[in-house]
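This briefing is intended for a reader who is meeting the structure for the first time. Please keep the sequence and the model at hand while reading.

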Amino acid sequence: QFDPHNDPDRQAMVHLFEWKWNDIAAECERFLGPKGYAGVQISPPHECIQQYGRPWWERYQPVSYKLVSRSGNEDDFKDMVQRCNAVGVRIYVDVVVNHMTGGGSGQGTGGSSYDTNSESYPGVPYGRNDFNDNNCHSGDGNIDNYQDANQVRNCRLSGLRDLNQGTSYVRGKIQEYFNHLLSLGVAGFRVDAAKHMWPGDLQAIFSGLQVSSDPVHRFNLSVSGSNPFIVQEVIDHGGEPIKNTDYTGLGRVTEFHHCDHINNLFRKRDKLAYTSNWGTGWGMLPDDQALVFVDNHDNQRGDGGGSVITYKEARLYKMAQAFVMAQPYAFPRIMSSYAFDSHDQGPPQDGSGHITSPTINADDSCGGGWVCEHRWRQIYNMVGFRNAAHGAAMSNFWSNGDQQIAFARSGKAFIAINNQGYDLNQNLQTTLSAGSYCDVISGNKENGGCTGKTITVGGDGRAYISIGGSDEDPMVAIHVNAKL
Ligand code: QV4
Ligand code: CA
């Protein structure tokens with residue numbers, strides 16, 4: 001449950017937030033596969049409410065577990081999983097099983113009816129007895145106090161009807177849903193609102209799940225084992241009785257301290273010079289228990305606590321992503337957004353509410369309202385860096401004592417970052433063999449040449465590194481696969 005079932009030379013995943021299944025399939029083939037991405041977190045595929053104005057968050061209000069949503073139907077889903085697996089890219093599903101809808105009645109995206117007040121969901125089916133109402137002891141039935149673990153698990157998160165995973169019926173329905181997804185070839189799950197479910201209930205649900213052994217999906221189960229990859233969404237910024245460590249026995253956990261630290265670091269409320277022991281040295285979860293990211297779909301909109309760096313501050317964002325990718329710590333997820341001005345705004349869509357596809361520009365970037373951070377050169381080339389550096393420890397950490405750092409991934413890669421505001425000019429140890437290397441931040445290695453800066457490493461492994469204090473991309477990064 002800790003293993004992403006990734007191809008070993010693919011070490012980062014991307015969250016293609018609100019993408020359609022056929023666009024993801026195409027993206028796996030034309031970009032994610034070739035650029036070395038390990039997998040994709042997809043938006044919730046189940047049937048959900050159809051909220052007026054079609055905000056993104058309607059997908060977090062399940063109506064049934066039928067695979068019919070604005071991203072596509074079950075055939076589209078199947079096709080996506082097969083095509084992505086075929087090019088070495090895994091699919092991780094955002095599963096929403098803490099709750100059902102938060103209000104109203106009507107028809108879901110798959111045609112099933114629902115009625116929130118009577119807790120009627122015939123598409124599953126779920127009825128009154130499947131919900132936690134009698135186990136919640138807060139005044140209004142909602143979670144009013146995060147200091148009370150019982151409320152957090154048994155009451156309603158923002159009015160969302162709270163399922164009782166303590167019953168064998170509910171557990172069985174959830175397992176059926178997960179196993180259905182696994183039979184279609186998905187490699188794992190991002191478990192929405194895991195904090196709001198009891199670890200014991202989740203454990204019961206997870207036991208007995210099995211990744212497909214169908215050779216068409218190309219999992220090497222003898223190496224990675226048959227448990228699905230599990231990422232539990234537990235927002236722990238400290239200060240609450242529920243800790244992310246309550247869940248680390250069951251799978252990985254979203255490490256929100258990492259968002260906080262990255263934000264503080266790059267806004268210079270902390271020092272890059274202190275990051276030579278990044279990871280557990282900073283009080284974060286062990287490597288194999290953490291999923292890390294600069295921002296996610298909630299906190300980029302200001303939800304879930306803390307403030308973060310997003311695509312809207314592109315210079316800082318690229319720096320932060322480069323740092324995260326260059327570090328040997330944890331398994332990273334890159335956020336891929338659509339542009340938004342307001343909190344509720346849904347993905348790019350036409351007048352009838354159909355999601356519209358991203359367009360692809362000549363420079364590989366996206367159009368049509370999609371930001372596609374994962375297609376920014378500075379970001380996808382750092383995925384390549386991480387893949388090249390995999391297995392090599394950090395070494396030769398250098399700093400100016402403040403906001404300029406450099407370090408190597410022993411024998412494999414080297415990065416220098418200058419968030420100081422004045423120039424960096426240093427002769428630094430790269431640990432790489434003598435030769436010319438393409439700086440993958442400023443360019444691509446193409447036809448044996450480099451479209452950006454070339455860095456020369458001498459026989460002693462040293463290179464002269466210059467980074468202007470106000471450069472748009474104040475870092476350089478080289479690795480063995482970028483040798484010219
Ligand atoms: C409103 C009122 C409530 C009232 C209720 C009922 O705010 O006080 O009780 O009506 O009358 C939407 C609306 C929200 C509305 C609710 C119920 O935004 O205003 O409540 O629906 O109708 C996403 C959005 C939520 C959205 C939800 C369901 O963020 O705004 O709620 O989807 O559509 C905590 C949790 C953590 C959570 C995080 C955001 O610990 O688990 O908050 N993160 C995950 C997802 C997130 C998602 C959910 C959980 C819920 O990442 O995207 O919430 O599935 O920290
Ligand atoms: Ca709950």
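The points below go from the whole chain to its sheets, its calcium site and two individual residues.

The model is a predicted one. Its protein chain comprises 9 helices and 22 strands. Among the sheets are a closed barrel of 8 strands and an open sheet of 4 strands.

**Overall form**

- The radius of gyration of the protein chain is 23 Å, in agreement with the value near 23 Å that a compact globule of 484 residues would have.
- Measured out along the principal axes, the C-alpha trace extends over about 75 × 45 × 45 Å.
- Buried residues make up 58% of the 484 residues in the protein chain.
- Among contacts in the protein chain with a separation of 6 or more, 69% are between residues 24 or more positions apart.

**The closed barrel**

- The 8 strands of the closed barrel follow the order 1-2-3-6-7-8-9-10, and their pairing is parallel.
- On average, neighbouring strands of this sheet are turned by 30 degrees against each other, with direction ignored.
- Strand 7 (residues 229-232) pairs with strand 8 (residues 252-254) in the parallel sense, over 2 bridges; Gln232 has Val253 of strand 8 as its bridge partner.
- Helix 2 (residues 74-86) packs on the sheet, where it touches strand 2 (39-42) and strand 3 (90-95). The direction of helix 2 makes about 140 degrees with that of strand 3.
- Helix 4 (residues 168-183) also packs on the sheet and touches strand 3 and strand 6 (188-191). Its direction makes about 160 degrees with that of strand 3.

**The open sheet**

- The open sheet has its 4 strands in the order 13-14-15-22, with antiparallel pairing.
- Strand 13 (394-399) and strand 22 (475-479) are the edge strands, each pairing on one side only.
- Neighbouring strands here are turned against each other by 10 degrees on average, direction ignored.
- Strand 15 (residues 413-418) is joined to strand 22 in the antiparallel sense over 5 bridges, and Ala416 stands opposite Val476 in strand 22.
- Helix 9 (residues 377-389) lies across strand 14 (404-409), strand 15 and strand 22, and runs at about 45 degrees to strand 22.

**The calcium site**

- The calcium ion (ligand 2) has protein donors from Asn98 (OD1), Arg153 (O), Asp162 (OD), Asp162 (OD) and His196 (O), at 2.4 to 2.5 Å from the ion.
- The spacing of these donor residues in sequence is N-x54-R-x8-D-x33-H.
- Both Arg153 and Asp162 are buried.

**Lys318**

- Lys318 belongs to helix 8 (residues 314-326).
- With a relative accessible area of 8%, Lys318 counts as buried, because this value is under 20%.
- The side chains of Lys318 and Glu472 are joined by a polar contact of 2.9 Å.
- Apart from neighbours within four places in sequence, Lys318 is in contact with Trp376, Gln378, Glu472, Asp473 and Met475.

**Asp144**

- Asp144 sits in the loop between strand 5 (113-115) and helix 3 (149-154).
- Its relative accessible area is 48%, so Asp144 is classed as partly exposed.
- Asp144 and Asn134 are separated by 10 residues in sequence and by 16 Å in space, C-alpha to C-alpha.
- Beyond neighbours within four places in sequence, the contacts of Asp144 are with Ser138, Gly139 and Gln151.

Terms used:
Residues are numbered from 1 along each chain as its sequence is written. Chains are lettered from A and ligands numbered from 1 in the order in which they are written. This is a predicted model: local features need pLDDT of at least 70, side-chain atom pairs count only at pLDDT 80 or more; totals for chains, interfaces and linings use all residues. Side-chain values use heavy atoms; hydrogens and water are left out. Buried means under 20% relative accessible area, exposed over 50%, partly exposed in between (1.4 Å probe, protein chains only). A polar contact is a pair of N or O atoms within 3.5 Å; within protein, one must be able to donate a hydrogen and the other to accept it, and residues adjacent in sequence count only if both atoms are side-chain atoms. Contact means heavy atoms within 4.5 Å. Two strands pair if DSSP finds at least two bridges between them. Axes are lines fitted to C-alpha atoms, for helices over the stretch in contact, and angles run from 0 to 180 degrees between N-to-C directions. Donors are N, O and S atoms within 2.8 Å of the metal (3.2 Å for Na, K and Ca); water is not among the atoms, so sites may look incomplete. The radius of gyration is taken over C-alpha atoms; the globule rule is 2.2 Å times the number of residues to the power 0.38.
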